[in-house]
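Reader: Thanks for taking the time to go through this one with me. Could we look at it together, a few residues and spaces at a time?

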Amino acid sequence: MPTEDIDRRWWKEAVVYQIYPRSFNDADGDGIGDIPGIVERLDYLDALGVDVVWLCPVYDSPNADNGYDISDYRAIMDEFGTMADWETLLDGLHDRDIKLVMDLVVNHTSDEHEWFVKSRAGEDEYDDYYWWREGRDADAVDWSATEGPEGEAPPNAWKSFFGGPAWAYDDEREAWYLHLFDRKQPDLNWENPDVREEVFEMMEWWFEKGIDGFRMDVINLISKPEGLPNDPDDPFGGAMSQSTNGPRVHEYLSEMNERVLDREYLTVGEMLGPKMPMDHARRYLDPDEDGLSMLFHFEHMLLDRGEDLWKRRDWDLSELKAVFNRWDEGLKEDGWNSLYLNNHDQPRMVSRFGNDGAYRRESAKLLATLLHTLRGTPYIYQGEELGMTNYPFDSLDEFRDVDTLNPLREAVSEGEVESFEAVKEAVRANSRDNARTPMQWSAEEHAGFTDGEPWIGVNPNHDEINVEAERADPESVWHYYRDLISLRDEYDVVVYGDYEPLFPDDGTVWAYTRTLATDAGTERLVVALNFSSSEVAVGLPDEVASDDATLLLGNYDAASEVDAAGDTDPDLDVDTVADELAAGDLRLRPWEARVYHDST
């Protein structure tokens, strides 16, 4: 395409770094990360080279769900600091040419928010800010709850995503309110135009303060269907199937787009559900409809998950490829992808999709190579750039997350699960708390995160995996991330090149090309990734082999890394690696990643 035809946007070319403030850096010694702690580490973010910080909620909150239960959208939680601290953070980021994206949580509020307090009191203006319903005759339905008036069941059979019914009975109002998440997170009623106006005014207030965008929490749940019908085929009784991509969701977001949004903002919508229909995805991203920059789907995050927290399923690399291939194909003409393999709600990617033992470093680099050479905007979750791993949880007392504790305790109470010990391995692998252990800054006590007692345990491997060690080692995962980030500035093909997958059914190798034709000629990347702990041979199609390509980046030090047997392999020098591409026959070492580049 002509160079001028490239639809350039700064957020397409950016790399986003997600900060979970409670676990990032503690400046005051209370064991909880805070905004001044982030300010102390701004030079670290600058040195890494990221373009954007996505900051998880720092608003005032009673912390039923670690800040995703907001009691005041225009105030900062005391544990995290003050609004003046936040303004110092914003200025510090902007001084370093790093943009700031805030978390927008407007499917629900805290039950301590002023709106809910007034709504439960029956004040006319706030009466239907939330989903209030009368209960049902318990003898006439086949669902129940452990609360509410005798003989009364909740309004429907919906189950909370955090365990138990999706309804709580309020004694003050003498009615049930809907909460798809924790009972302290009542769902807002977006059918009420006053609710929408409150949200839009709040968003405008933050934009006026200078932020650069929003990550929108579970934004595809804001529209509920008329009558709130049950669905016996939904594990959540209808809460998931009936709430995702609801009947008026595009109407509400189009209104938001018209009122508040701008294409110069980075807006990313988190979209719950097992498989997003592509027609919905395109509407969410259409500038003339909902106008979001990109979205987070969960399709790849569910590949290894069973129906419950304590259940897992086997997955194959071809399934993971199929998800990414579907999304690239679906949005290549109209839309843009976000690229992630972990965040604050997911286990550590090197433990989940890589090898966090003998090949931790290699597989961490390989997964990073994948995310940074596919088409889309890559997201780095704090500590990912170090190759941080899952935590070795040994008892239920070590967990903090309601999404782990509530469902498991309920299952044990009801006899569905014998004990934590009986399902420990699956819970350890699946829990969100894996992502929430403190950032590992050094080998010191508490990993340099705090001088106090950390709110959640520090991974014992911090003596090996930490920022100080990574920055001191030129072959580290951290330095590899810096190299990947710099490629987006140097090569348009990394950002805008067409994606063509090779061997989609192969369960070991993920290989693809990226191609960009411009007025100056055609640029191409050839990417080959070995998702296994064994050496593998790859025969490339003739049209992919190239005499002119050079190795742009690889996760092995070609002249000195050890092979699978533990011996040095001096024959695999840079020239040999290039010759392999020319011949169309690659020999990839365990968890090896290669990125070749050529141009014509």
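**A walk through the model**

Author: Happy to. Leaving out residues up to four places away in sequence, Glu-13 touches Arg-8, Asp-51, Arg-488, Val-495 and Tyr-496. Please keep in mind that this is a predicted model.

Reader: Is Glu-13 buried, partly exposed or exposed?

Author: Glu-13 is found in helix H1. Buried means under 20% relative accessible area and exposed means over 50%. The relative accessible area of Glu-13 is 27%, so the residue is partly exposed.

Reader: How many Å apart in space are Glu-13 and Phe-531, C-alpha to C-alpha?

Author: Along the sequence, Glu-13 and Phe-531 are 518 residues apart. In space, the C-alpha to C-alpha separation of Glu-13 and Phe-531 is 27 Å.

Reader: Let's move to Val-16. Which residues does Val-16 touch, not counting residues up to four places away in sequence?

Author: Val-16 lies in strand E1, residues 16–19. At 1% relative accessibility, Val-16 counts as buried. Its contacts, with residues up to four places away in sequence not counted, are Val-52, Trp-54, Leu-266, Thr-377, Pro-378, Tyr-379 and Ile-380.

Reader: And how far is Val-16 from Thr-550 in space, C-alpha to C-alpha?

Author: Val-16 and Thr-550 are 534 residues apart in sequence. Their C-alpha atoms are 28 Å apart in space.

Reader: Now the empty spaces. Which residues lie nearest the centre of the second largest pocket?

Author: About 660 Å³ of space lies in the second largest pocket, and 29 residues line it. Helix H1 (10–13), helix H9 (278–285), helix H10 (317–331) and strand E16 (498–502) are the elements that give two or more residues to this lining. Nearest the centre of the second largest pocket lie Leu-331, Lys-332, Glu-333, Asp-334 and Gly-335.

Reader: How many residues in the lining of the second largest pocket are charged?

Author: Sorted by class, the lining of the second largest pocket has 10 nonpolar and four polar residues. The charged residues in that lining number 15.

Reader: What about enclosed space: which element gives the largest share of the lining of the largest cavity?

Author: The structure holds four cavities of 30 Å³ or more, and about 90 Å³ of space lies in the largest cavity. Among the residues lining the largest cavity are His-297, His-300, Trp-327, Arg-375 and Tyr-499. H10 and strand E14 (338–339) each supply at least two residues of this lining. The largest share, four residues, comes from H10.

Reader: How many residues of the lining of the largest cavity are nonpolar?

Author: Two residues of the lining of the largest cavity are charged and four are polar. The nonpolar residues in that lining number six.

Reader: Why are the buried residues of H9 said to be on the same side of the helix?

Author: In H9, Met-278, His-280, Ala-281, Tyr-284 and Leu-285 are buried. They lie on the same side of H9 because the arc that they cover around the axis is only 155°.

Reader: Which elements do the buried residues of H9 pack against?

Author: Contact here means heavy atoms within 4.5 Å. With that cut-off, the buried residues of H9 pack against helix H8 (249–259), strand E13 (294–296) and H10.

Reader: What span should helix H12 have, at 1.5 Å a residue?

Author: H12 covers residues 360–373 and is mostly covered, with 13 of its 14 residues buried. The end C-alpha atoms of H12 are 20 Å apart, which agrees with the expected span of 20 Å.

Reader: I like to check backbone angles too. What is phi of Glu-174 near?

Author: Most residues other than glycine have a negative phi. Glu-174 is in the loop between strand E9 (167–170) and strand E10 (175–178), and is exposed at 55% relative accessible area. Phi of Glu-174 is positive, near 55°.

Reader: And what is phi of His-446 near?

Author: His-446 sits in the loop between helix H14 (420–430) and helix H15 (467–472). At 16% relative accessibility, His-446 counts as buried. Phi of His-446 is also a positive value, near 60°.

Definitions and conventions: Residues numbered from 1 in each chain as written. Predicted model: local features only at pLDDT ≥ 70, side-chain atom pairs only at ≥ 80, totals over all residues. Heavy atoms only, no water. 1 Å grid on protein atoms, 1.4 Å probe; cavity = no way out; pocket = protein on both sides within 12 Å on 5 of 7 lines; lining within 4 Å. Points joined across faces, edges and corners; volume = space filled by probe spheres on them. Nonpolar A, V, L, I, M, F, W, Y, C, P; charged D, E, K, R; others polar. Expected span 1.5 Å × (residues − 1). Buried < 20%, exposed > 50% of the residue type's maximum accessible area, 1.4 Å probe, protein only. Arc of directions from axis to C-beta.
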